[in-house]
Amino acid sequence: MTVLHHVRVHPSKDELRREDQLAWKMAQVAADPVEVTEAVTEMVINRVLDNASVAIASLNRDPIVAARDQAAAHAPTPGGTGAGLYGVDAGTRKVSPEWAAWANGVAVRELDYHDTFLAADYSHPGDNIPPILAVAQHVGATGRDLVRGIATGYELQVDLVKAICLHKHKIDHVAHLGPSAAAGIGTLLGLEVETIFHAIGQGLHTTTATRQSRKGEISTWKAHAPAFAGKMAVEAVDRAMRGQTSPTPIYEGEDGVIAWLLDGPDASYEVPLPAPGEAKAAILDTYTKEHSAEYQAQAWIDLARKLNRERPELADPDAVERIVLHTSHHTHYVIGSGAGDPQKYDPTATRETLDHSIPYIFTVALQDGTWHHVDSYAPERASRPETVALWRKVTTAEDPEWTRRYHSLDPGQKAFGGRAEILLADGSTVVEEIAVADAHPLGARPFARAQYVAKLRTLAEGLVAEAELERFIDAAEHLPDLGAGELDALNVTAGITLRTGTKGIF
């Protein structure tokens, strides 16, 4: 049974025991030897497939090229055999695990196209996989070890996201990733509670940063931020294993994260964690993306596709007076017009900016009746006069009911969509609403293994040889059976020439 842990700020004179600190309780969860359920194992496999699909599609994009070049300059350390890079034959080139976590983390996040969990804060818990997998490959772990580590990473990130809001204080959501990835690596390696405790503390301390990376003109750093957190997690565990300690108490201290970065010295939170012996099942609460865009855009893309089929005249800017998307507070203020970012209406904006603009995304999906991870963001697509004309007529508005549903803890109530109200030039109106994306577990076409594999095949087409793709899928689907030293099978070798970029220091 899940246990709620009361977390608040303590002055130093309280001398809060380690056993009463959130980081220690998280470490206890990570060290708990409870078995992983079959359902969780199957979902871990799905997400390994999902991460690979979006990473493959990104292999020659500039941020991935830069990160891969950096990683390639760092040979495996004496402590293990090294870890593989997406696209690179692991038999010919492996790198130090923290740099593999870096390069692969960027590849996974670049297209904003893998899994998500949204609650008090938001997250892409699939970001846990690159650092945990990199360490697993380096140390020669088994598939079963890897599944256990990934289950922990998902569990603790989801638990933190359920309880502690970061974005309200303009702290980037990867501050929940550093601790969860460190804990997952601790589970993978079978470390003691105290070692994981210090790794979690260091993982958090080194990965708190502002949300400017997701505001205004969004830069290439958006993909690097979670990769940096994963890299820091690997290094934190290494230091903790060598006996190095962490700032304590990292969450509850009077100069700690809660007191100065979050809700302040009077704050308190109720953080849910599995009870001792309770299976880590939080991955089952997460959901992936059918479309390459911010998760809150997923349902809106599906609604726009439906309107394109049923009311094609709505694609004509001359036929539309205005479109108002009534939605949650978060969607309105982060990817909607409530953000106040003029870049969200700029046809010359970066891809990273456009995938955080629901007015742009809804417009293009409404006009095209589809969404493509490259074509829908192309500069020539964004600058079409008829698109710009309709785009400028799309705004968002916060609706208290959609905000309530966004934050609901009831899976049947939780929603990430809203209501579209379209006023036509002839004075008539069209009103449609959607609660969740079609691919959501409660959506019209929920994703299952077949859809994950289909997504992989689609994104890998022309980039990976068919035989290599089949080999990888088979290895991933037999993940729990992979023996010690066999996890290199989870690397995919590209069938294209991988670019190199501008020379740096390394």
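Here is a short chat about the pockets, cavities and one strand of this predicted model.

User: Happy to dig in! What makes strand S5 mostly covered?

Analyst: Buried means under 20% relative accessible area. Six of the eight residues of S5 (residues 320-327) are buried, so the strand is called mostly covered.

User: How do you know that S5 pairs with strand S7 and with strand S6?

Analyst: Pairing takes at least two bridges between two strands. Seven bridges join S5 to S7 (residues 418-424), and these two run antiparallel; Arg 322, for instance, has Leu 423 as its bridge partner in S7. Five bridges join S5 to S6 (residues 394-398), a parallel arrangement, with Ile 323 opposite Val 394 in S6. Both counts meet the cut-off, so both are pairs.

User: Nice. Why is the space of about 110 Å³ called a cavity?

Analyst: In a cavity a 1.4 Å probe fits but cannot get out, whereas a pocket is open. This is the largest cavity, and 16 residues line it, with Tyr 122, His 124, His 173, Glu 294 and His 356 nearest its centre. The largest pocket, by contrast, has a volume of about 450 Å³. Among its 19 lining residues, Phe 117, Lys 162, Asp 285, Leu 409 and Lys 414 lie closest to the centre.

User: And what makes Tyr 86 and Gly 84, in the lining of the second largest cavity, nonpolar or polar?

Analyst: Tyr counts as nonpolar and Gly as polar. Overall, that lining has seven nonpolar, four polar and no charged residues. Helix H5 (129-139) contributes the most, with four residues.

Terms used:
Residues numbered from 1 in each chain as written. Predicted model: local features only at pLDDT ≥ 70, side-chain atom pairs only at ≥ 80, totals over all residues. Heavy atoms only, no water. 1 Å grid on protein atoms, 1.4 Å probe; cavity = no way out; pocket = protein on both sides within 12 Å on 5 of 7 lines; lining within 4 Å. Points joined across faces, edges and corners; volume = space filled by probe spheres on them. Buried < 20%, exposed > 50% of the residue type's maximum accessible area, 1.4 Å probe, protein only.
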